[in-house]
Amino acid sequence: GPVVAPVELPCGHAYCGACLAELRSKKVAQTCPLCRAELPPGLDGLYDLAFRISVKIEGMVSRGEAAWTSLPPGEQVEIEEAIAMLTEAVAQGHADAGYSLGFLLKKVRKDLDGAEAAYRAAIAAD
């Protein structure tokens, strides 16, 4: 049948988002059904990766090894990647990602409007 709510994979093929979620939940081969390219992380995978990065950097900040607004270059790249992952997860309705994104936007970018929008999205998804 026709693809419903298609999700384009990095390999260029498109599949039903719910079908991909089912594959992930059943721990079936995490590859494109057509070309066998590795699937990107799902919503929970995006959230988990981003959360681990933010916890690592939050630890550095709490120990006084860095400041949110002046992270070392490597950590700055990592936190921007985490923000991008969380933004994607929020766009797909992941509530916890919204709370984490709001926190990072407030702390890292001092973006209060963006943080508020992320918190509102999290509340709406919850």
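pLDDT is the predictor's confidence in each residue, from 0 to 100. This structure is a predicted model, and the exercises start with that score.

**Exercise 1. Find where confidence in the protein chain is lowest and where it is highest.**

Solution.
- Step 1: Take the whole chain. The protein chain has a mean pLDDT of 88. A score of at least 70 is reached by 98% of the residues.
- Step 2: Go element by element. Strand 1 (residues 6-8) has the lowest confidence, with a mean of 76. Helix 4 has the highest, at 95.
- Step 3: Keep a rule in mind. Where pLDDT is low, predicted coordinates should not be read in detail.

**Exercise 2. Describe the overall build of the protein chain: which elements does it have, and in what pattern?**

Solution.
- Step 1: Count the elements. There are five helices and two strands.
- Step 2: Read along the sequence. The pattern is β-β-α-α-α-α-α.
- Step 3: Add the dimensions. The C-alpha trace spans about 55 × 30 × 25 Å along its principal axes.
- Step 4: Look at burial. The chain has 126 residues, and 32% of them count as buried.

**Exercise 3. Work out which helices build the largest nonpolar core, and which residues in it touch the most other members.**

Solution.
- Step 1: Start with the members. This core has 23 residues. I79, L86, L101 and L104 touch the most other members.
- Step 2: Assign the helices. At least two core residues come from each of helix 2 (43-62), helix 3 (73-91), helix 4 (95-108) and helix 5 (112-125). Helix 3 gives the most, with seven residues.
- Step 3: Follow one member, I79. Beyond its neighbours within four places in sequence, I79 contacts I53, S54, I57, W68, L71, L104 and V108.
- Step 4: Turn to one partner, S54. This residue sits in helix 2. S54 counts as buried because its relative accessibility is 8%, and the cut-off for buried is under 20%. Leaving out residues up to four places away in sequence, S54 touches W68, I79 and L104.

**Exercise 4. Check the length of helix 5, then decide where its buried residues lie.**

Solution.
- Step 1: Compute the expected span. Helix 5 has 14 residues, so at 1.5 Å a residue it should span 20 Å. The count used is one less than the number of residues.
- Step 2: Compare. The end C-alpha atoms of helix 5 are 20 Å apart, which agrees.
- Step 3: List the buried residues. They are G114, A115, A118 and A122.
- Step 4: Look down the axis. The buried residues of helix 5 fall within an arc of 100°, so they line one face. Their cover includes helix 4.
- Step 5: Turn to the face pointing away from the buried side. There the exposed residues are L112, D113, R120, I123 and A124.
- Step 6: Inspect the start of helix 5. A side-chain oxygen of D111 comes within 3.4 Å of the backbone nitrogen of D113.

**Exercise 5. Place R36 and K110 in the chain, and decide whether each is buried or exposed.**

Solution.
- Step 1: Recall the background. Most residues other than glycine have a negative phi.
- Step 2: Read the angles. R36 is not a glycine, yet its phi is positive, about 70°. K110 is also a residue other than glycine, with a positive phi near 55°.
- Step 3: Locate them. R36 lies in the loop between helix 1 (17-25) and helix 2. K110 lies in the loop between helix 4 and helix 5.
- Step 4: Apply the cut-off. Exposed means over 50%. R36 has 55% relative accessibility, so it counts as exposed. K110 has 57%, so it counts as exposed.

Methods: Residues numbered from 1 in each chain as written. Predicted model: local features only at pLDDT ≥ 70, side-chain atom pairs only at ≥ 80, totals over all residues. Heavy atoms only, no water. Core = buried A, V, L, I, M, F, W, Y, C linked by side-chain atoms within 4.5 Å. Buried < 20%, exposed > 50% of the residue type's maximum accessible area, 1.4 Å probe, protein only. Helix = DSSP H or I, 4+ residues; strand = E, 2+ residues; numbered from the N terminus. Contact = heavy atoms within 4.5 Å. Arc of directions from axis to C-beta. Polar contact = N/O pair within 3.5 Å; in protein donor to acceptor, adjacent residues only side chain to side chain.
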